[in-house]
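Here are a few exercises to work through with the model open beside you. Try each task before you read its solution.

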Amino acid sequence: MDNFNFCSPTEFVFGKGRENECGSFVKKYGGSKVLIHYGGGSAVRSGLLGRVKDSLAAQGVGFAELGGVQPNPRDTLVYKGIELCRAEGIDFILAVGGGSVIDSAKAIAAGTLYDGDFWDFYSGRKVEKALPLGVVLTIAAAGSEGSGDSVITKEDGLLKRGTGSDVLRSKFSVLDPELTQTLPAYQTACGATDIMAHVFERYFTNTKEVEITDRLCEAVLLTMVKETPRVITDPNNYEARANIMWAGMVAHNGLVGVGRSQDWNSHAIEHELSALYDCAHGAGLAVIMPAWMEFVHSHDVMRFCQMATRVFGCQMNYADPETTAMEGIQRFRAFLHSIGMPVNLSELGAKEEDIPLLVEKLGLGDGRTWGFVQLSAADVTEIYKLAAKAKA
Ligand code: NZQ
Ligand code: ZN
């Protein structure tokens, strides 16, 4: 096991109706004038935004608001948010929504206290300070409620890039599973795929014998395999929603990756798809991750066999481990298909002829990526091609 630091300072406020307490949590963490940041309207329609405002008002906390965050959040709204925070003397940001809203809120939080262009943080500069931030989560997916990460798309050139810093971790995150019951099945499934992907990015490691981390990963994956079909069939199943919501946090606050190397190539390869086609991040991962697995499995066949047997119930074929590994990957793809996810580029709305552009935008040049298997531009091209011809 490698040496590690594990920092997860967020206070998680879990359960039914807990959003009604957000005013007191803002106060607890020093907020007196809040920017409420939200998305395209689901939080307004469900009445959640009204409850959040009532909760702030009940605590005597003033607020301004900025809605309109779109999935794959854009830099243009972040600039508006920074201006608004400065003009209104905002000292706390409350993100009410999913990963896109939270990531936009994080960018505003960092940008407000920075003299330069906030995009510097998405081009390699480390975020050193940010306004404090709270979250009321409405979709289990990105894990941004527990992570220090933020991913923003620059309109000019459609560049989707990330940044990460512990100062971007939320002070508190309200996780009320009931809020996720209004999600369309497709969004629920996209979220579930992203959660599983966050675990797999950590499961495929070159560091040996970190059994505790393997087993924590498998617990989250098995939970997702069991609970996702239940909420697709019955969107109001509170217990299944609750398990998924907590799994989404556990998958991405860092816990299931400690003590070893990680991968993250599928995320980088997917981000080019959601940048170019504006598809849901989870749907892009459903197409890319199994293709990436097929491409790299020979690097450590036994690790893929472990996934196949422990997570997807395959029988181990000791005479031919390759068969078991490939069966596990195909079962993962079939599972994603069964919950309504696309399996190939065309089902996602992507075009095979755009592969050279996708690879170019990833910007590897003559270099390679990082992680479990370091990939060249030619390797990434092969992965996109596998994703183009995949079948359920
Ligand atoms: O905008 P509204 O109207 O709220 O609709 C949203 C949006 O259309 C809808 N929605 C959310 N909660 C709902 C709801 N509809 C009905 N009822 C509810 N309760 O769902 C749609 C998707 O929302 P979004 O926030 O985009 O989803 P998600 O949480 O999957 O976030 C995706 C973004 O997070 C990034 C992705 O790249 C993508 O940009 N990621 C962020 C990470 C992080 N910060 O740690 C890590 C991830 O790997 C990921 O890259
Ligand atoms: Zn993700």
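**Exercise 1. Find which residues make the nonpolar surface patch of about 420 Å², and place Ile212 in its helix.**

Step 1. The patch consists of Met1, Phe4, Phe6 and Ile212. Patch residues have over 30% relative accessible area and no salt bridge, with nonpolar side chains (Val, Leu, Ile, Met, Phe, Trp, Tyr) joined within 5 Å and like charges within 9 Å. A salt bridge here is a side-chain nitrogen of Lys or Arg within 4 Å of a carboxyl oxygen of Asp or Glu. Areas come from the Shrake-Rupley method with a 1.4 Å probe, and for residues only the protein chains shown count as cover.

Step 2. Ile212 belongs to helix α7 (residues 211-233); helices are DSSP runs of H or I with at least four residues, strands are E runs of at least two, and both are numbered from the N terminus.

Step 3. Ile212 has a relative accessible area of 51%, so it is exposed (exposed is over 50%, buried under 20%, partly exposed in between; 1.4 Å probe, protein chains only).

A note on the ground rules: this is a predicted model, where local features need pLDDT of at least 70, side-chain atom pairs count only at pLDDT 80 or more, and totals for chains, interfaces and linings use all residues. Residues are numbered from 1 along each chain as its sequence is written, chains are lettered from A and ligands numbered from 1 in written order, and side-chain values use heavy atoms, without hydrogens and water.

**Exercise 2. Work out how Phe92 and Phe172 are arranged.**

Step 1. The ring centres of Phe92 and Phe172 lie 6.1 Å apart with planes at 20 degrees, so the pair is stacked (centres of Phe, Tyr or six-membered Trp rings within 6.5 Å; stacked under 30 degrees, edge-to-face over 60, the rest tilted).

Step 2. Phe92 is in strand β4 (residues 92-97) and Phe172 in strand β8, so the pair ties together parts 80 residues apart in sequence.

Step 3. Both Phe92 and Phe172 are buried.

**Exercise 3. Identify the protein donors of the zinc ion (ligand 2).**

Step 1. The donors are Asp194 (OD), His198 (NE2), His267 (NE2) and His281 (NE2), 2.0 to 2.2 Å from the zinc ion. Donors are N, O and S atoms within 2.8 Å of the metal (3.2 Å for Na, K and Ca); water is not among the atoms, so sites may look incomplete.

Step 2. Their spacing along the chain is D-x3-H-x68-H-x13-H.

Step 3. Asp194 lies in helix α6 (residues 185-203) and His281 in helix α10 (residues 281-296), so this pair ties together parts 87 residues apart in sequence. Both Asp194 and His281 are buried.
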